[in-house]
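Please open the model in your viewer, with residue selection and distance display to hand. The tour below goes from one selection to the next and says what is there.

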Amino acid sequence: MELLNEDDIKMYVYENRLKTFEGWPFDEGCSCTPENMAKAGFIHTPSGNSPDVAMCFFCLKELEGWEPEDDPQKEHASHSPSCQFIALKKKVEDLTVEELLKLQKERQKLIIIKLCNEPVTKFEEAAKLRKADIIKTVMGED
Ligand SMILES: [Zn+2]
């Protein structure tokens, strides 16, 4: 696997993250402005019925249900305490190549874990629904 292809490292750059926040519902006077969201590592990943979903490009933690006074840095740190991006003491531009490669290795590990867990989560959700159906049917026949 190539560690540093251009597309993959794009989101390390603040401006590229900021660009994703088109149509973000919070602006002037809010804590979670696009600028603050992007600074805290988030990218905007809206879906049909959830316009305010944001995901950390690094740890892939998704958060929604934002309130105007939410501080993106604090929310990020409290929901994903082990995220190495939020724990960075330097700006990405100031990292050495070695440090960046180390980060990127960690990030790709997180991506693989997420990809592997997705079908499991989907299956578990489906199983839960099916179980509820079965219980309903059984109870109904009593
Ligand atoms: Zn993160």
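Select helix α4 and turn to the side where Lys74 and Ser78 are exposed, a residue being exposed if 12 or fewer other C-beta atoms lie within 10 Å of its own, buried if 20 or more do, and partly exposed in between, with C-beta atoms placed from the backbone. This is a predicted model, in which local features need pLDDT of at least 70 and side-chain atom pairs count only at pLDDT 80 or more, while totals for chains, interfaces and linings use all residues. Residues are numbered from 1 along each chain as its sequence is written. Helices (H or I, at least four residues) and strands (E, at least two) are DSSP runs, numbered from the N terminus.

Stay on Lys74, which is found in helix α4. Lys74 is exposed, with 12 other C-beta atoms within 10 Å. If you add Ile86 to the selection, the C-alpha to C-alpha distance from Lys74 is 9.5 Å, for two residues 12 apart in sequence.

Now rotate to the other side of the helix. The buried residues of α4, which spans residues 72-79, are Pro72, Glu75 and His76. Seen down the axis of α4, these buried residues fall within an arc of 100°, so they line one face of the helix; the arc is that of the directions from the helix axis to the C-beta atoms. An α-helix has 3.6 residues a turn, so residues three or four places apart point the same way. To see what covers the buried residues of α4, display elements including α3, β1, β2 and β3.

From His76, move to Cys56, since His76 is one of its contacts. Two residues are in contact if their C-beta atoms, placed from the backbone, lie within 7 Å. Leaving aside neighbours within four places in sequence, Cys56 is in contact with Gly41, Phe42, Lys61, His76, Ser80, Cys83 and Phe85.

Next, select Met37 and Phe42 together with Cys56: of the 20 residues in the largest nonpolar core, these three touch the most other members. The elements that give two or more residues to this core are α3 (34-39), β1 (42-44) and β2 (54-56). A nonpolar core here is a set of buried Ala, Val, Leu, Ile, Met, Phe, Trp, Tyr and Cys residues joined through C-beta atoms within 7 Å.

Display the strands next. Three strands form an open sheet in the order β1-β2-β3, with antiparallel pairing, where two strands pair if DSSP finds at least two bridges between them. β1 and β3 stand at the edges, each with a single partner strand, so one side of each is left without a neighbour in the sheet. Between β2 and β3, which run antiparallel, there are 2 bridges, and Ala54 has Leu63 of β3 as its bridge partner.

In the loop between β2 and β3 (62-63), select Leu60. Its phi is near 70°, a positive value in a residue other than glycine. Most residues other than glycine have a negative phi, and most peptide bonds are trans. Leu60 is partly exposed, with 16 other C-beta atoms within 10 Å.

Go back towards the N terminus for two loop residues. Tyr12 lies in the loop between α1 (6-9) and α2 (14-19), and Tyr12 is buried, with 20 other C-beta atoms within 10 Å. Gly29, in the loop between α2 and α3, is exposed, with 8 other C-beta atoms within 10 Å.

Both can be paired with a residue far along the chain. The C-alpha atoms of Tyr12 and Ile135, 123 residues apart along the chain, are separated by 48 Å, and those of Gly29 and Lys131, 102 residues apart, by 46 Å.

Now select helix α5 (residues 97-141), which holds Arg130. Arg130 is exposed, with 10 other C-beta atoms within 10 Å, and its C-alpha atom is 44 Å from that of Leu101, 29 residues away along the chain.

Finally, zoom out to the whole protein chain, which has 5 helices and 3 strands in the pattern α-α-α-β-β-β-α-α along the sequence. Its radius of gyration is 19 Å, well over the 14 Å that the globule rule gives for 142 residues, so the chain is more spread out than a compact globule; the radius is taken over C-alpha atoms, and the rule is 2.2 Å times the number of residues to the power 0.38. Taken along the principal axes, the C-alpha atoms fill a box of roughly 70 × 40 × 25 Å. Buried residues make up 21% of the 142 residues.
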